[in-house]
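Work through the following exercises with the model open. Each task is followed by a solution in steps.

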Amino acid sequence: MTTDRSKELFKRAKRVIPGGVDSPVRAFGSVGGVPRFIARGKGCRVWDVDGNEYIDFVGSWGPLIAGHANPSVLKALRAAMALGTSFGAPTELEIELAEMITGALPSVKKLRFVSSGTEATMSALRLARGATGRERVLKFEGCYHGHVDALLLGAGSGVATLGIPGTPGVPASYADLTIQAPYNDIGAVQQAFERWGNEIACVVVEPLAGNMGCIPPRPGFLKALRECCDRSGALLIFDEVITGFRLAWGGAQKLYRVKPDLTCLGKIVGGGLPAAAYGGRRDLMAQIAPEGPIYQAGTLSGNPLAMAAGLATLGELAKEGTYERLGAISKRMAEGLAEIAREVGVEFTSVAVGGAFGFFFHPGPVHNFADAQQAHAGRFKPFFQSMLEQGIYLAPSPFECGFASLAHKDRDIEAALAAAKVAMRKAARVR
Ligand code: KE4
């Protein structure tokens with residue numbers, strides 16, 4: 001496989017864009033080799049600038065659940081573009097998408113569109129602090145909620161501790177207001193509430209963690225968070241930027257039957273264009289300007305092209321049998337990879353929930369970030385590179401998810417598993 005053009009573009013990009021990429025994970029830092037510059041996509045496949053074809057399990061990190069260049073999405077976009085691209089004024093499209101989302105998620109009575117998941121979580125945090133008059137927030141180690149200062153913390157310590165900045169540029173005073181606990185550790189959460197209960201504005205959680213690999217909530221974990229928040233007057237925020245419309249039509253909150261006070265959405269709701277949203281209880285959303293005093297704004301919020309792409313994508317997902325199909329794809333991938341690992345004799349664990357799947361070179365179980373970090377450090381990279389060489393595009397990090405789409409056919413899954421037979425042997429060579 002030649003990657004000369006990607007190499008050349010990467011060199012050129014690094015002269016004008018930090019690291020040559022517009023988001024760090026795209027630089028292949030944890031897997032090495034040449035990041036592929038993508039020329040085009042169609043269905044579940046993408047082609048790089050050297051003409052190499054890949055079956056894509058990243059789907060732009062989740063949004064392309066209906067597949068690349070989906071005909072319905074393109075048709076909606078063409079119609080919207082013909083009318084203009086942005087007005088900075090209300091349009092009917094944003095009402096239609098808001099009605100569709102609030103119809104799908106009963107806990108979301110009202111919502112506000114923004115342009116990225118980061119904006120959604122940042123705004124939800126400000127709303128929680130403004131509505132409760134409290135300043136502390138509680139998050140979980142290994143959960144990622146976008147590059148929000150208050151949520152970019154350093155590694156946790158296995159118990160609930162006050163955060164330290166996870167990157168230069170975040171003031172210690174911001175991190176100090178954030179408590180971090182291990183995911184799935186309700187004891188640590190209860191200790192945090194015993195110590196800081198009436199200071200905690202909110203708990204923000206990925207109801208299924210997708211940024212430390214794919215780690216589902218343990219039975220009762222989300223319900224226990226709900227109970228801690230109810231007892232203390234803190235708000236429960238579900239960051240469903242990944243899980244929203246991927247795990248079920250009603251998201252993780254439908255699947256796990258726990259009702260948050262606020263929900264953050266992104267990725268799929270924009271159908272591949274920049275759109276995200278935060279929403280929830282009517283009394284909370286009423287506090288957002290101009291209805292209420294808590295300020296939040298955005299030039300391109302509710303952009304009509306993004307609304308059109310989001311509406312068309314959700315329209316595809318609303319069809320009969322969607323989540324059965326997505327679930328079957330993820331399950332086949334997770335089980336197929338595990339079977340291959342067993343045949344090759346490699347310690348491996350995998351999981352599939354709705355349209356998301358993940359795996360670790362780890363005997364399992366993996367319930368939190370500390371477990372995930374115990375995975376074999378040297379096996380993901382050769383596995384990833386071999387899959388890529390064979391035309392299978394996985395997320396270039398062991399701490400991400402695999403994303404199924406409606407465009408993946410059985411033959412695509414079987415091709416990926418055939419490639420995995422070779423890739424797993426490459427991984428097994430690393431002792
Ligand atoms: P954006 O600001 O990237 O649109 O969304 C931030 C975000 C918020 N919440 C969750 C649960 C997320 O997963 C994300 C972003 N996800 C990452 C990868 N898992 C996006 C890829 C990237 O950073 O380039």
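## Exercise 1: Cysteines

Start with Cys214, which is buried at a relative accessible area of 2%, where buried means under 20% relative accessible area, exposed over 50% and partly exposed in between (1.4 Å probe, protein chains only). The model is predicted, so local features need pLDDT of at least 70 and side-chain atom pairs count only at pLDDT 80 or more, while totals for chains, interfaces and linings use all residues. Residues are numbered from 1 along each chain as its sequence is written, and side-chain values use heavy atoms, with hydrogens and water left out.

Task: find how many disulfides the structure holds, and examine Cys214 and Cys229.

Step 1. A disulfide is taken as a pair of cysteine sulfur atoms within 2.5 Å. The structure holds zero disulfides.

Step 2. For Cys214, the nearest cysteine sulfur is that of Cys401, 3.9 Å away, and Cys214 is in no disulfide.

Step 3. For Cys229, the closest cysteine sulfur belongs to Cys228; at 6.8 Å it is too far for a bond. Cys229 is buried as well, with a relative accessible area of 1%.

## Exercise 2: Two domains and their interface

Task: state how the chain is divided into domains, and describe the interface of domain 1 and domain 2 by area, salt bridges and polar contacts.

Step 1. Domain 1 covers 4–69 + 320–428, and domain 2 covers 71–317; these bounds come from an automatic or database domain assignment. Taken over C-alpha atoms, the domain centres are 25 Å apart.

Step 2. Domain 1 puts 31 residues into the contact and domain 2 puts in 30 residues, with contact meaning heavy atoms within 4.5 Å.

Step 3. About 2500 Å² is buried between domain 1 and domain 2, and carbon and sulfur atoms give 66% of this area. Buried area is the accessible area (1.4 Å probe) that two parts lose on being put together, summed over both.

Step 4. Zero salt bridges are found across the interface of domain 1 and domain 2, a salt bridge being a side-chain nitrogen of Lys or Arg within 4 Å of a carboxyl oxygen of Asp or Glu. The rule does find nine residue pairs in polar contact there, both residues at pLDDT 80 or more. A polar contact is a pair of N or O atoms within 3.5 Å; within protein, one must be able to donate a hydrogen and the other to accept it, and residues adjacent in sequence count only if both atoms are side-chain atoms.

Step 5. On the side of domain 1 that touches domain 2, two or more residues come from each of helix H11 (322–344), strand E12 (349–353), strand E13 (356–360) and helix H12 (369–373). E13 gives the most to this side, with four residues. Helices (H or I, at least four residues) and strands (E, at least two) are DSSP runs, numbered from the N terminus.

## Exercise 3: Salt bridges

Task: where in the chain do the partners of the Asp48 and Arg36 pair lie, and are Asp412 and Arg45 buried or partly exposed?

Step 1. The structure holds 17 salt bridges. One of them joins Asp48 and Arg36 at 3.8 Å, N to O.

Step 2. Asp48 is in strand E2 (residues 45–48), and Arg36 is in the loop between helix H1 (4–16) and strand E1 (38–42), twelve residues apart. Asp48 is buried at 2% relative accessibility, and Arg36 is buried at 8%.

Step 3. Asp412 and Arg45 form a salt bridge with their closest N and O atoms 2.6 Å apart. This pair links helix H14 (residues 410–428), which holds Asp412, to strand E2, which holds Arg45, across 367 residues. Asp412 is buried at 2%, whereas Arg45 is partly exposed at 23%.

Step 4. A network of salt bridges links Arg226, Asp230, Asp261, Arg281 and Asp283.

## Exercise 4: Surroundings of Glu316

Task: which residues does Glu316 touch?

Step 1. Glu316 is in helix H10 (residues 304–317) and is buried at 14% relative accessibility.

Step 2. Not counting residues up to four places away in sequence, Glu316 touches Ala66, Asn70, Ser72, Thr322 and Leu406. With Ser72, Glu316 makes a side-chain polar contact of 3.0 Å.
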